[in-house]
Protein chains: 2
Amino acid sequence: MKSSLTLEHQICFQLYTASKELTRLYRPILAPLNLTYSQYLVMLVLWEEDGIDMKQLGDRLTLDSGTLSPLVKRLMQLDYVEKVRATDDERRVLLSLTPSGSALREQAEDVPVKVSGMLNIDEATYIAYMEMLIDIKARLRDFGERQE
Amino acid sequence: MKSSLTLEHQICFQLYTASKELTRLYRPILAPLNLTYSQYLVMLVLWEEDGIDMKQLGDRLTLDSGTLSPLVKRLMQLDYVEKVRATDDERRVLLSLTPSGSALREQAEDVPVKVSGMLNIDEATYIAYMEMLIDIKARLRDFGERQE
DNA sequence: TATAATTGAATTGTGCACAACTTAATTGCC
DNA sequence: GGCAATTAAGTTGTGCACAATTCAATTATA
């Protein structure tokens, strides 16, 4: 099995740089929406599932409260989201879209289109690549479960 | 082309989480070497190319001096690397391994082996995945060049 | 029903990533 | 040779990622 200590032969390095470079591509596209890449991911979840709590949001994005709390605070300063404490369980904090936050969705509709165009990739390849990434994550989780 | 605003259908999200989760896998493996993941990448380059300068190191890793300068400072505090100013061009700073930095290589030899084991992946798949990631980066660069 | 254990969110501290800027050395051009 | 443009490295400031801790609310259990 691949064990050479060369940078370019390590899948971790390829993943790491590919992720960084793709994120870099998003920056100019998201700038007009006043969103960073991570904030955009949070907004994606909220457009899908308005009223989600911090815990479930963190599960979706694989982020803990240490990352999400300040990030959501910034989205509140932008007047895109609001926090409401859940009545049934006072520990939970529910996030909901403000009118501006909802309205932003329309502007965001063509973000994926722009990105696809930049990647210049056909649908079949796109799906194949996606499945491969999902498979990598599945293997990582399998290992995690074997360890329990 | 894929344009639904759903989190899981976006290749950027899959890349982002796959990269984070793989990095997470490295953490416990690198902890005994007192290295973070990014520091490990720098060491990989140095084991390959001792005496490289900051600029070329940054090109290899796609990192700028704002990231590398403090990172290398920490590697110096760990006594793994040293800085020497180049004599031919006083702007350049060359990085070289200390004896402990060189010695660390042996301990690092089985890092890729451990990771492969955790991923539980056969060589053909590993290579296919790697090529996919390289292809994504190539497409991103193609776009960058079209823009110039 | 007390109280121990667990859970959700926030805070603190460390390190990475990057934009914008500064400084000093080198190169290009007249 | 003199001066502008470029280049390498570092600094400052912002935001993300995560470990560790705190605090309050809830749940489990003796």
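**View 1. A:Lys73 faces a phosphate of DNA strand C in this predicted model.** A polar atom in the side chain of A:Lys73 sits 3.4 Å from a phosphate oxygen of DNA strand C. A:Lys55 also meets the phosphates, but through its backbone. A polar backbone atom of A:Lys55 is 2.5 Å from a phosphate oxygen of DNA strand C.

**View 2. A:Arg91 reaches a base of DNA strand C.** Here the partner is a base oxygen. An N or O atom in the A:Arg91 side chain lies 2.9 Å from that oxygen. Bases make up the smaller part of the picture: of the DNA strand C atoms within 4 Å of the protein, 74% belong to sugar or phosphate, and the rest to bases.

**View 3. Residues from chain A and chain B surround DNA strand C.** The strand has 29 residues around it. The closest are A:Lys55, A:Ser65, A:Lys83, A:Val93 and B:Arg74. Chain A supplies at least two residues from each of α1 (11-30), α3 (54-61) and α4 (65-77). Chain B does so from each of α2 (37-48) and α4 (65-77). By class, the surface near DNA strand C holds 15 charged, nine polar and five nonpolar residues.

**View 4. A salt bridge joins B:Glu21 to A:Arg141.** The two side chains meet with an N to O distance of 3.2 Å. Between chain A and chain B the count is four salt bridges. Polar contacts across this interface link 24 residue pairs, with both residues at pLDDT 80 or more. On the chain A side, α1, α2 (37-48), α3, α5 (99-108), α6 (111-119) and α7 (123-147) each give at least two residues. Of these, α7(A) gives the most, with 16 residues. The chain A side divides into 35 nonpolar, 14 polar and 16 charged residues.

**View 5. Chain A and chain B meet across a shared interface.** In chain A, 65 residues are in contact with 65 residues of chain B. The size of an interface is often given as the accessible area lost when the parts come together. Here the two chains bury about 6800 Å² between them. Carbon and sulfur atoms account for 66% of that area.

**View 6. A turn of 180° lays chain A on chain B.** The RMSD is 0.0 Å, and the shift along the axis is 0.0 Å. The two copies are therefore related as by a two-fold rotation axis. Of the interface residues of chain A, 100% are also interface residues in chain B, so the copies meet through the same surface.

Notes: Residues are numbered from 1 along each chain as its sequence is written. Chains are lettered from A and ligands numbered from 1 in the order in which they are written. This is a predicted model: local features need pLDDT of at least 70, side-chain atom pairs count only at pLDDT 80 or more; totals for chains, interfaces and linings use all residues. Side-chain values use heavy atoms; hydrogens and water are left out. A residue is near a molecule or strand if one of its heavy atoms lies within 4 Å of it. A polar contact is a pair of N or O atoms within 3.5 Å; within protein, one must be able to donate a hydrogen and the other to accept it, and residues adjacent in sequence count only if both atoms are side-chain atoms. Helices (H or I, at least four residues) and strands (E, at least two) are DSSP runs, numbered from the N terminus. Ala, Val, Leu, Ile, Met, Phe, Trp, Tyr, Cys and Pro count as nonpolar, Asp, Glu, Lys and Arg as charged, and the others, Gly among them, as polar. Contact means heavy atoms within 4.5 Å. Buried area is the accessible area (1.4 Å probe) that two parts lose on being put together, summed over both. Copies are superposed by least squares on the C-alpha atoms of residues with pLDDT of at least 70 in both.
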